[in-house]
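Biologist: I would like to learn how to read a model of this kind, one feature after another. Could we begin with a loop and its backbone, and then move on to the fold and the ligand?

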Amino acid sequence: MMKKRKLVVANWKMNPTNAEGAKSIFGKIRRAAKKMKQTDVVAAPSFVHIPVLSKLLPKGNGKKNLFLGAQNIHQKDFGAYTGEVSANQLKEFKVRYAILGHSERRELGESDEIINEKVQSALRQGVAPIVCIGEKERDSEGEYLNFIKEQLVNIFRGLPKKYLADCVIVYEPVWAIGHTFKDSLSGTDMHVMSLFIRKTLSEIFGKDYGWNMKVLYGGSVENENAEDLMKKGDISGFLVGHASLDPLEFSKILKVFGSPQIKNAG
Ligand code: PEP
């Protein structure tokens, strides 16, 4: 059974170029998020912009469905790790999520084993891991499915079952990242992957675990393909890259989870 609340994550990568730009995008995303009833929104800016955006988070008893996420963390909580930032340090700035294992970080040498340690560090600090998995290319024999399974097994190795519900999985086929909606996975194909991921997690952890997890789709989500993916993909939301830097485009993507005429499974 899928969790009711949806989650849409904005991965700004190494953008925008200054804090004023980050504040401007964040302010517009905050307005769009406010209109959403059953959807949480996470903005994941560069580390340098986190402190200033932290001050702009919704305050008081008002609606709290907008959160800050990091694009990465180090696997240790503190220590002699030059140039790194830990979940432990990010807590001070109300960072509630961390994107882990993004393919652009894996390109820099991050292995499943390191991602496993990062997941554990995030959970230790009360930061929810948003774990990215996905194949670089597909083959007709379906070997890529074994690759996905291996990623899941490695990344969650040794994790106590009770922590699984705090994790979010993003299926991001690497070949679909950074293009246009025309090059993304279809909703129907995402449905197949969603089932595969949930089934695999249930095999690893026991029967109910995978079915209760949030599984998102990432890879060239734009206004044009968001509805198809949401309606057919059996997903709990999106990880949005380039389109999240354009607040109007991003708000249109959010709206697929808010429009009353769209019937969404789960
Ligand atoms: C990403 O890299 O996480 C991503 C989803 O990017 P894009 O939407 O630009 O494909």
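Modeller: P16 is found in the loop that connects β1 with α1, the helix of residues 19-34, and please keep in mind throughout that this is a predicted model.

Biologist: Is the peptide bond from N15 to P16 cis or trans?

Modeller: As a general idea, most peptide bonds are trans, and most residues other than glycine have a negative phi. In this case the bond from N15 to P16 is cis, its omega being near -10 degrees. K13, which lies in the loop between β1 and α1 as well, has a positive phi, near 55 degrees, although K13 is not a glycine.

Biologist: How many strands form the closed barrel?

Modeller: The closed barrel has 8 strands, which follow the order β1-β2-β3-β4-β5-β6-β7-β8 with parallel pairing, and from one strand to the next the twist averages 25 degrees. To read a single pair, take β1 (residues 6-11) and β2 (residues 39-44), which run parallel and are joined by 6 bridges; within this pair, V9 of β1 stands opposite V42 in β2.

Biologist: Which strands does helix α7 touch?

Modeller: Helix α7 (residues 187-205) packs on the sheet and touches β5 (128-133), β6 (168-171) and β7 (214-218), while its direction makes about 140 degrees with that of β7.

Biologist: Which residues are around the ligand?

Modeller: They are N11, K13, H102, E104, E172, I177, G178, G219, S220, L239, G241 and H242, and this shell divides into 2 nonpolar, 7 polar and 3 charged residues.

Biologist: Where do polar atoms of H242, G241 and N11 lie relative to the ligand?

Modeller: A polar side-chain atom of H242 lies 2.5 Å from a ligand oxygen atom, a backbone N or O atom of G241 lies 2.8 Å from a ligand oxygen, and for N11 a side-chain N or O atom is 3.4 Å from an oxygen of the ligand. Taken alone the ligand exposes 290 Å², of which the protein buries 99%.

Notes. Residues are numbered from 1 along each chain as its sequence is written. This is a predicted model: local features need pLDDT of at least 70, side-chain atom pairs count only at pLDDT 80 or more; totals for chains, interfaces and linings use all residues. Side-chain values use heavy atoms; hydrogens and water are left out. Two strands pair if DSSP finds at least two bridges between them. Helices (H or I, at least four residues) and strands (E, at least two) are DSSP runs, numbered from the N terminus. Axes are lines fitted to C-alpha atoms, for helices over the stretch in contact, and angles run from 0 to 180 degrees between N-to-C directions. Contact means heavy atoms within 4.5 Å. A residue is near a molecule or strand if one of its heavy atoms lies within 4 Å of it. A polar contact is a pair of N or O atoms within 3.5 Å; within protein, one must be able to donate a hydrogen and the other to accept it, and residues adjacent in sequence count only if both atoms are side-chain atoms. Accessible areas come from the Shrake-Rupley method with a 1.4 Å probe; for residues, only the protein chains shown count as cover. Ala, Val, Leu, Ile, Met, Phe, Trp, Tyr, Cys and Pro count as nonpolar, Asp, Glu, Lys and Arg as charged, and the others, Gly among them, as polar.
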